[in-house]
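Student: I have a model open on my screen and would like to walk through its binding sites with you. Could we take them one at a time?

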Amino acid sequence: MEVSFQTTINSKAAILIVPLFSDSPFVKNAPEILENFLKKRQDHKDFLGNEGETLLGLPDDDALPGKVILWGLGEKKKFTAQKLRGLAAQIVRSVRSLKKEEITLWCPDSLIGFAQTLGEGAAFGNYNLAKFKTGKEKEELESQTLKKIIVVVSKKFPKFETEMKKGISIAEAVGEVRDMVNAGPTFKNVDYLAGKAEDIAQKNGYKITVINKEELQKMGMGGIIGVNRGSEFGAKMVVMEYTPKGTSKKPPVVIIGKGIIFDSGGYNLKPSQTLYEMQLDMAGAASVMGLFMLLKKLNIQHHVVGIFPLTDNLVSKSSQKPSDVVTTYSGKTVEIVNTDAEGRMILCDAISYALKHFDPRCVIDIATLTGACMVALGDRYAGLFGNDAGLMEKLRKAGETTDELAWPMPIHPDHRAKMKSKIADLRNWDEVPYAGASKGAAFLEEFVENAKWAHIDIAGPAFVKDPKKYETPMGTGFGVRLFVEFLEKLR
Ligand code: BES
Ligand code: ZN
Ligand code: ZN
């Protein structure tokens with residue numbers, strides 16, 4: 001979606017959107033040419049400016065655009081960036097049905113400080129599933145996609161312009177992440193996603209290494225190889241590196257994403273209700289890719305490494321079985337008690353890889369790791385675990401700012417004790433069903449040595465039935481915005 005900025009309203013514009021607060025006088029706070037139109041609204045009380053309220057006017061005044069939409073923002077004193085993101089998505093979504101390629105948005109000075117969320121919201125409202133459709137429905141959706149927003153401001157605000165563009169770029173990258181998460185597992189196979197990562201790297205000039213199955217095997221990554229045994233696609237591990245000027249000697253922030261293309265559970269087969277839509281299980285990897293779409297564009301000033309192991313978790317005669325023991329890249333052996341606890345088996349090797357090949361400033365993993373985390377926190381909060389209070393607080397804060405909420409969760413010494421095995425160093429599952437998210441985190445912690453580490457369990461918010469105003473059902477792209485904010489604030 002393109003955006004341009006100007007200081008006058010073009011009377012030939014097809015659609016003009018006018019945001020108004022409920023507790024400030026419309027006429028005084030809106031463009032002059034609307035004075036008459038707004039006076040009438042005020043007298044007739046047919047528009048109050050309540051949050052999310054809209055009124056479509058067809059003014060028969062040649063000085064005005066053909067359609068004027070009054071857009072209620074609610075009370076000014078209760079207004080927040082978080083609200084704007086949802087409201088902007090909503091208004092764009094509703095305007096899309098009018099099938100115009102561009103809209104004009106009049107932007108009062110009171111919204112100038114909200115440029116990024118305004119851009120995010122508007123672009124989120126433009127997100128749709130046209131690429132998954134064919135024929136009439138596809139055409140219909142495509143004809144309802146906005147190409148351009150013209151923003152009318154009182155004077156040029158260079159910072160406003162860059163921030164709004166930035167918001168749009170972020171939301172569009174998140175949209176690509178949603179597409180990847182929503183796509184069917186056969187379409188988005190290991191090779192497809194690795195190829196996608198290569199495209200991102202090439203486009204941005206990042207270093208990329210894709211380690212294939214044979215190499216993973218030779219290197220001794222028994223965790224990943226074990227999970228991959230039932231799949232027709234060889235596992236791959238993607239390592240991307242962003243090194244902006246002057247940072248190559250600095251220890252990188254390493255971000256690791258779980259990339260299970262489809263999680264059947266393996267021999268511990270999932271029942272039908274939870275098997276469906278288990279293509280969501282690469283959402284962590286997709287978020288890392290989304291972040292890498294943005295690092296250069298947003299001129300992030302940190303050395304960042306993204307790692308994501310990719311494989312299916314399927315049933316076949318060659319799949320690993322409960323009671324198998326694998327040797328992980330760290331050298332530690334793990335008893336596979338439950339083949340459905342596969343995420344930790346690929347992540348532990350990725351963590352060890354990060355420690356062995358980089359000297360990380362910190363290691364953060366993001367994963368749809370446990371249904372237990374979803375039971376605990378629902379779909380509005382990710383679970384946040386870790387061994388460093390400072391790092392966890394930075395991530396929590398970034399989540400709060402971006403509305404990608406992450407709630408601190410504990411790891412108790414007894415959770416660690418539960419992950420010890422009789423016939424191996426560790427086991428990947430404890431049959432007692434409680435504190436599953438914490439025990440998953442406790443398992444990963446065994447591999448982080450003395451690195452600063454945080455683990456974000458996104459099983460809940462990565463894929464939702466009940467989306468927020470600026471989301472759509474299914475994949476949300478959770479994590480991208482949180483990481484951008486985290487890196488921008490990191491000193
Ligand atoms: N991918 C699932 C977790 C999951 C469940 C993500 C629902 C999103 C929605 C994970 O690999 C898994 O299967 N976890 C098991 C627990 C494990 C300890 C056996 C689960 O959640 O039941
Ligand atoms: Zn699983
Ligand atoms: Zn899984």
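Student: Happy to start with the metals. Which protein residues are the donors of the zinc ion (ligand 3), and at what distances do they lie?

Tutor: Keep in mind that this is a predicted model. Lys258 gives its NZ atom to the zinc ion (ligand 3), while Asp263 and Asp281 each offer an OD atom and Glu342 an OE atom. Along the chain these donors follow the spacing K-x4-D-x17-D-x60-E. Their distances from the zinc ion (ligand 3) run from 2.0 to 2.4 Å.

Student: Is the site of the zinc ion (ligand 3) octahedral or irregular?

Tutor: Six donor atoms surround the zinc ion (ligand 3), with angles of 78 to 172° among them. Six donors count as octahedral if opposite ones are over 155 degrees apart and all others between 65 and 115. The site is octahedral.

Student: Which residue bridges the zinc ion (ligand 2) and the zinc ion (ligand 3)?

Tutor: The zinc ion (ligand 2) is coordinated at 2.0 to 2.2 Å by Asp263 (OD), Asp340 (O and OD) and Glu342 (OE). In sequence, its donor residues are spaced D-x76-D-x1-E. The two zinc ions lie 3.2 Å apart, and the residue that bridges them is aspartate 263.

Student: How is the site of the zinc ion (ligand 2) classed?

Tutor: This ion, ligand 2, has six donor atoms. The angles among them range from 70 to 165°. The site is classed as irregular.

Student: Now ligand 1. How much of its exposed area does the protein bury?

Tutor: Start with the polar contacts: a side-chain N or O atom of aspartate 281 is 2.9 Å from a nitrogen atom of ligand 1. Glutamate 342 places a polar side-chain atom 2.9 Å from an oxygen atom of ligand 1, and a backbone N or O atom of glycine 371 lies 2.6 Å from an oxygen atom of ligand 1. Taken alone, ligand 1 exposes 510 Å², and the share that the protein buries is 83%.

Student: Which pocket does ligand 1 take up, and which residues come nearest to ligand 1?

Tutor: Ligand 1 occupies the space of the largest pocket. The shell around ligand 1 divides into seven nonpolar, four polar and seven charged residues. Of the 18 residues around ligand 1, those that come nearest are Lys270, Asp281, Asp340, Glu342 and Gly371.

How values were computed:
Residues are numbered from 1 along each chain as its sequence is written. Chains are lettered from A and ligands numbered from 1 in the order in which they are written. This is a predicted model: local features need pLDDT of at least 70, side-chain atom pairs count only at pLDDT 80 or more; totals for chains, interfaces and linings use all residues. Side-chain values use heavy atoms; hydrogens and water are left out. A residue is near a molecule or strand if one of its heavy atoms lies within 4 Å of it. A polar contact is a pair of N or O atoms within 3.5 Å; within protein, one must be able to donate a hydrogen and the other to accept it, and residues adjacent in sequence count only if both atoms are side-chain atoms. Accessible areas come from the Shrake-Rupley method with a 1.4 Å probe; for residues, only the protein chains shown count as cover. On a 1 Å grid over the protein atoms alone, a cavity is a set of points where a 1.4 Å probe fits but cannot get out, and a pocket is an open set with protein on both sides within 12 Å along at least five of seven lines; lining residues have an atom within 4 Å of a point. A molecule sits in a cavity or pocket if more than half of its atoms lie within 2 Å of its grid points. Ala, Val, Leu, Ile, Met, Phe, Trp, Tyr, Cys and Pro count as nonpolar, Asp, Glu, Lys and Arg as charged, and the others, Gly among them, as polar. Donors are N, O and S atoms within 2.8 Å of the metal (3.2 Å for Na, K and Ca); water is not among the atoms, so sites may look incomplete. Four donors count as tetrahedral if all angles lie between 85 and 135 degrees; four count as square planar and six as octahedral if opposite donors are over 155 degrees apart and all others between 65 and 115; anything else is irregular.
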